[in-house]
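Open the structure in your viewer and keep the selection tool ready. The tour below goes stop by stop.

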Amino acid sequence: MSTPQIEAFLEMMAVERAASPHTLAAYGRDLADAEAGVVGGLMSADEQAVEAWYAGLGARGLSPATQARRRAAVRQFYRFALGEGWRADDPSRRLDAPKQGRALPKSLSRDEIERLLVAAAARDGAAGLRLVALVELAYASGLRVSELLALKVEAVRRDPAYLIVRGKGGKERLAPLNASAREATRAWLTARDATRKPETPDGPWLFPSPAGRNHLTPRRFAQLLDQAAIDAGIDPARVSPHVLRHAFATHLLEGGADLRVVQTLLGHADIGTTQIYTHVAVDRLTQTVRDKHPLARDG
């Protein structure tokens, strides 16, 4: 259930904060839920009504992460309403964030990344070259899957040492490319140009869909990774486009990279988001000592 005020808020988020379509859709759903669930609706509700709606989210079985997102959406909406003069108070001001444990991100070892690349390269022709380029670029740069698949072919034609990426909130950052990723990209470009059908328009995407009108979808990339994981003897449940980004961050930290540098490379606004990878790196290093040190004893 939407309202003119909710629509105005979403328009502000899109225009002034460059919120992505995914973020706008999530906020729209969250605010529609609040509008329907808060007694009197968002514009007329008092603190008790808003708190009662929020308290009921857990009883409905919503995860702490979803509850936190809905709280954030409602709080931002009311701040906007105050600024617009629609309300003289903020009935969401006493909403407490739900307590939630933060799950450690999945990652892959260096050996598993190598096996994944070998399995990708074993695919025939252009399909193999494309998958190798996708994996190499994702692992070498730490790009989000949306950023990776939206790369334009013109961005790599001159074999750059780094990419300029526009991430969340429209913020730009540099994504350095190593020699292996650049070599894989050059090989894929050659195959891409050679295999394009004359009747298919040459679109702007580095990784176009079969029809050429759009880029490869995240779902299709995930399917290709699943098959490569199976071929590599890796549980496909442990492999996804986002896991390659996790591996990028984890392996950098294992190698001694500065946390702030990794934050910049990943495009994280909050260093706390990056810091979660330090736990993965420490856990893996601890396990290595336990497994390899001659005097190690399990406690």
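Start with Tyr-27. Its relative accessibility is 11%, so Tyr-27 counts as buried, the cut-off being under 20%. Keep in mind that this is a predicted model.

**Stop 1: the rings around Phe-9**

Add Phe-9 to the selection. Phe-9 is buried as well, with a relative accessible area of 0%. How far apart are the ring centres of Phe-9 and Tyr-27, and at what angle are their planes? The centres are 6.2 Å apart and the planes are at 10 degrees, so this pair is stacked. Now colour the two helices. Phe-9 belongs to α1 (residues 4-16) and Tyr-27 to α2 (residues 21-37), so the pair ties together parts that are 18 residues apart in sequence.

Next, select Phe-77. Its pair with Phe-9 is edge-to-face, with 5.9 Å from centre to centre and 80 degrees between the planes. Phe-77 sits in helix α4 (residues 64-84) and Phe-9 in α1, so here the parts tied together are 68 residues apart in sequence. Phe-77 is buried, at 0% relative accessible area.

Widen the selection. Ring pairs join Phe-9, Tyr-27, Phe-77, Tyr-78, Phe-80 and Trp-86 into a cluster. Across the structure there are 7 aromatic pairs.

**Stop 2: the largest core**

Move to Leu-116. It is among the residues with the most contacts inside the largest nonpolar core, which has 43 residues. Others to pick out are Leu-131, Leu-148, Leu-206, Phe-207, Phe-221 and Leu-244. Which elements each supply at least two residues of this core? They are α5 (110-121), α6 (125-141), α7 (145-149), β1 (162-166), α8 (179-195), α9 (218-231) and α10 (241-254). Helix α6 gives the most, with 8 residues.

Zoom in on Leu-116 again. Leaving aside neighbours within four places in sequence, its contacts are Leu-108, Val-135, Leu-225, Ala-228, Ala-229, Ala-232, Val-239 and Leu-244. There is also a second, separate core of 23 residues. Select Leu-10, Leu-31, Tyr-54 and Phe-80 to see some of it. In soluble globular proteins, nonpolar side chains tend to be buried together.

**Stop 3: a buried arginine**

Go to Arg-130, in helix α6. Which side chain of opposite charge is nearest to Arg-130? It is Asp-124, 13 Å away. Arg-130 is buried yet has no salt bridge. Show what touches Arg-130: beyond its neighbours within four places in sequence, the contacts are Trp-188, Phe-207, Pro-208, Leu-216 and Leu-224.

**Stop 4: the hairpin**

Finish with β1 and β2. Strand β2 covers residues 172-176 and pairs with β1 in the antiparallel sense, over 5 bridges. Show the side chains of β1. They alternate: Leu-163 and Val-165 point to one face and are buried, while Tyr-162, Ile-164 and Arg-166 point to the other and are not.

Do likewise for β2. Its side chains alternate too. Arg-173 and Ala-175 point to one face and are buried. Glu-172, Leu-174 and Pro-176 point to the other and are not buried.

Now trace the bridges. Arg-166 has Glu-172 as its bridge partner in β2. Ile-164 has Leu-174. Last, select Gly-169. In this hairpin, with 5 residues between the strands, Gly-169 takes a positive phi near 70 degrees.

Terms used: Residues are numbered from 1 along each chain as its sequence is written. Side-chain values use heavy atoms; hydrogens and water are left out. A nonpolar core is a set of buried Ala, Val, Leu, Ile, Met, Phe, Trp, Tyr and Cys residues joined through side-chain atoms within 4.5 Å. Buried means under 20% relative accessible area, exposed over 50%, partly exposed in between (1.4 Å probe, protein chains only). Helices (H or I, at least four residues) and strands (E, at least two) are DSSP runs, numbered from the N terminus. Contact means heavy atoms within 4.5 Å. Rings of Phe, Tyr and Trp (its six-membered ring) pair if their centres lie within 6.5 Å; planes under 30 degrees apart count as stacked, over 60 as edge-to-face and the rest as tilted. Lys and Arg count as positive and Asp and Glu as negative; His and the chain ends are not counted. A salt bridge is a side-chain nitrogen of Lys or Arg within 4 Å of a carboxyl oxygen of Asp or Glu. Two strands pair if DSSP finds at least two bridges between them.
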